[in-house]
Amino acid sequence: MSQPATLPLVSSLLDAPLPSSGMTWLDTARRENREAFAAGGLPDTRVEAWKYTALRALGQRRFGHVDDVAQRPAVDAPTLALPGVDGPRLVFVNGVFCADLSVLDRLPEGLTLQPLSQALRGDPEPLRFALSRHYREVGDAFARINAAYATDGVVLRVAAHAKIVAPVQLVFVGAAAETDLAWHVRNVIALGEGAELSLVEQYMAAGEQAQLATLVSDIELGEGARLQHVVLQNAAIGSSLIRRSSVRLQARAHATVHALELGGALVRHDLQADLVGDASRLDTRGIFMPHGRQHIDTQLAIRHQALHTVSSSNWRGVANDRARGVFRGAIVVAPGADGSDASLSNKNLLLSPAAEIDTKPELEIHADEVKAAHGATVGQLDERSLFYLRSRGIPQADARALLTAAFCRAVLDDLPNEVLRDHLSAMLIAQLPNT
Amino acid sequence: MLKIENLHARVEGKEILKGLSLTVNAGEVHAIMGPNGAGKSTLGHVLSGREGYEVTAGSVSYHGNDLLALEPEARAAAGVFLAFQYPVEIPGVNNTYFLRAALNAQRKRRGEKELDSMQFLKLVREKIKVMQISDELLHRAVNTGFSGGEKKRNEIFQMAVLEPQLAILDETDSGLDIDALKQVAQGVNLLRSPQRAFLMITHYQRLLDYVVPDFVHVLADGRIVESGDKSLALKLEEHGYSGIGASQPTGAAA
């Protein structure tokens, strides 16, 4: 078992000093997670969950630690603005909270929003459960290193029955520093009973770099809570971004996720959702669009654990050049989750002969009277449609872009924030080849 | 305007056009008739530049230039328009957006000023009135969920907006009931002009009752085997395709 620890990535991450909090439970959890990471190293492609995402190249790299950097890299505040998003804002640069870029005055009633570093100095007890977790699976390497080293992140709570209408914006900026850094962010988000929240989670780059970022988020929806969650991932094209989100839904809670995965060199997102309350509902919509040599891997694991729970997932992948997309949609309808309804669709488009998309829908049903549908396709642009557009005078490159955008658009259609939706469409189109 | 000489073309290795020659001048309406499999649609696709149609011999000159050397989009900008036999449904692309993109792409290539959305809307309103197309079709995705008649009318509407010089109508009459046929024919007639030529590919004579051609050609086994005026169409109606061309020395093979 000592061999994995010798990887440059593993040893460089372990070189960073373990943060000390002065709280025994937290320091113990950090130490134990660090030990688990040191012992387990990185998963290889024999581990099912990492079958299509090889970490060989990443494993050979070394990263600096945020404390090694003397000065915080400059980030231009106006670049953080998103059309249609005008609520409070929490900004992290290389994983460190930045008060000057954040907008935290005039928080609406019922909203608690602060950086984790602050919350731990104040009242850490509510965070104890989330932060003292152990990750036991061999594929959990990045969750372990995150649990060991993350000192900052988002703590967001919406009080019962509070309705937070203006979208709360969480921005994670990877900014070029003297050396490529590894940074870790831990988010804890909770919506009380009947609470409503509109949330935008944004990843962006300030300058070119090839950093490694890990993010772990827990999102809990109380009974009847509603969450509109938009993820706009436009990280630096050379960076590695490993995220894990765990969503738990109590009875009648309803979460909707719209994700746009555009940036990053090696991107992995594990979205694990547990529908634990009766009649809870999760809708996920997403587009991943790797180009160049990007690798974007999305893993959904949705578990129906209560009566009449509903999940619908609609994801589109578009790969160009030599890029690789990976999608796994695993749905489990557990015993007793009778009357549940689970649907999943993943359609993919290959724009170049060297591009590749691996998709794997999985459905396990252990309950009765379940409605389930799942399907995945991988194809190319329709030659007849292309010719039709060209025969009307639209140049080939534009025709391809038009058809590709149309292929993706259906996924964004039900995003209620129209201004933001238009902006996301425009970003998508800007990412298309030759436009 | 258009001069096709000894055109040979293959699709999937099979020779479909076997020495087709045809001259079309501005202002003329030519009907190309013929039995199934004679190569009518192949002719339309070769002229508009569809991939997979391999020209093995012969030439097509359009305004004195080699049409076959041009990409489909360049042919469109040069004024060639193909009304599809089976217009393609394109979900997610708005009909109006598509048409404006097409018109502006053509204008840009020709070195003309592109239309802004106000100018374009004005043009569309004029044409929509003339073509009797419902406003609602403009807001839908291209051909998506359109009835057969709506699709064909949409083709003619696009033609009205794009104002081509050479319009090739590939079995635009097929699958239409008599009312829809009349509407389509009326649209075509309104677009007839001394500067514009039409090549109407059709299997049946009935379209020619409403759009009266200057010339009728019979295409059989990859060649024009007989040409005449509109009376030829009536003769075909009466006797079918079987007797046509047999009396000619250059007659088609069985």
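**Close-ups of a two-chain model**

**View 1. B:His63, in a loop of chain B.** With a relative accessible area of 45%, B:His63 is partly exposed (buried is under 20%, exposed over 50% and partly exposed in between, with a 1.4 Å probe and protein chains only). The model is a predicted one, so to speak of local features takes a pLDDT of at least 70, while side-chain atom pairs count only at pLDDT 80 or more, totals for chains, interfaces and linings use all residues, and side-chain values use heavy atoms, leaving out hydrogens and water. Residues are numbered from 1 along each chain as its sequence is written, with chains lettered from A and ligands numbered from 1 in the order in which they are written. B:His63 sits between strand 4 (53–62) and strand 5 (65–66) of chain B (helices are DSSP runs of H or I with at least four residues, strands are runs of E with at least two, and both are numbered from the N terminus). Check the backbone here: B:His63 isn't a glycine, yet its phi is positive, at about 50°.

**View 2. A:Glu369, in a loop of chain A.** A:Glu369 also has a positive phi of about 50° without being a glycine. Its loop joins strand 19 (356–365) and strand 20 (371–379) of chain A. A:Glu369 counts as exposed because its relative accessible area is 74%.

**View 3. A:Leu181, in strand 7 of chain A.** Strand 7 covers residues 181–191. A:Leu181 has just 1% relative accessibility, so it counts as buried. Leaving out residues up to four places away in sequence, A:Leu181 touches A:Phe63, A:Gly64, A:His65, A:Val66 and A:Val69, along with A:Asn94, A:Gln211 and A:Leu212 (contact means heavy atoms within 4.5 Å). For a sense of the fold, take A:Asp67: 114 residues separate it from A:Leu181 in sequence, but C-alpha to C-alpha the two are 9.6 Å apart.

**View 4. Helix 7 of chain A, mostly covered.** This helix takes in residues 141–149, and nine of its nine residues are buried. Charged and polar names turn up in that buried set too: A:Arg144 and A:Asn146 are among them, as are A:Phe142, A:Ile145 and A:Tyr149. The cover includes helix 2 (8–15), helix 3 (24–40) and helix 4 (56–59) of chain A. Strands of chain A also contribute, including strand 7, strand 9 (212–221) and strand 11 (240–249).

**View 5. B:Thr42, in helix 1 of chain B.** The helix runs over residues 40–48. B:Thr42 counts as buried because its relative accessibility is 11%. Setting aside neighbours within four places in sequence, its contacts are B:Val11, B:Ile16, B:Leu17 and B:Tyr53.

**View 6. Where chain A meets chain B.** On the chain A side 18 residues are in contact, and on the chain B side 33. Together the chains bury about 2,000 Å², with carbon and sulfur atoms giving 62% of that (buried area is the accessible area, 1.4 Å probe, that two parts lose on being put together, summed over both). In chain A, the residues losing the most area to chain B are A:Phe387, A:Tyr388 and A:Arg392, together 39% of what that side buries.

**View 7. Chain A, zoomed out.** Chain A has ten helices and 20 strands. Its radius of gyration is 21 Å, which agrees with the value near 22 Å for a compact globule of 435 residues (taken over C-alpha atoms; the globule rule is 2.2 Å times the number of residues to the power 0.38). The C-alpha trace spans about 70 × 50 × 50 Å along the principal axes, and 57% of the residues are buried. Of contacts with a separation of 6 or more, 84% link residues 24 or more positions apart.

**View 8. Chain B, zoomed out.** Here there are nine helices and twelve strands. Chain B's radius of gyration is 18 Å, in agreement with the value near 18 Å for a compact globule of 254 residues. Its C-alpha atoms fill a box of roughly 60 × 40 × 35 Å along the principal axes. Buried residues make up 52% of chain B. Among contacts between residues at least 6 apart in sequence, 69% join residues at least 24 apart.
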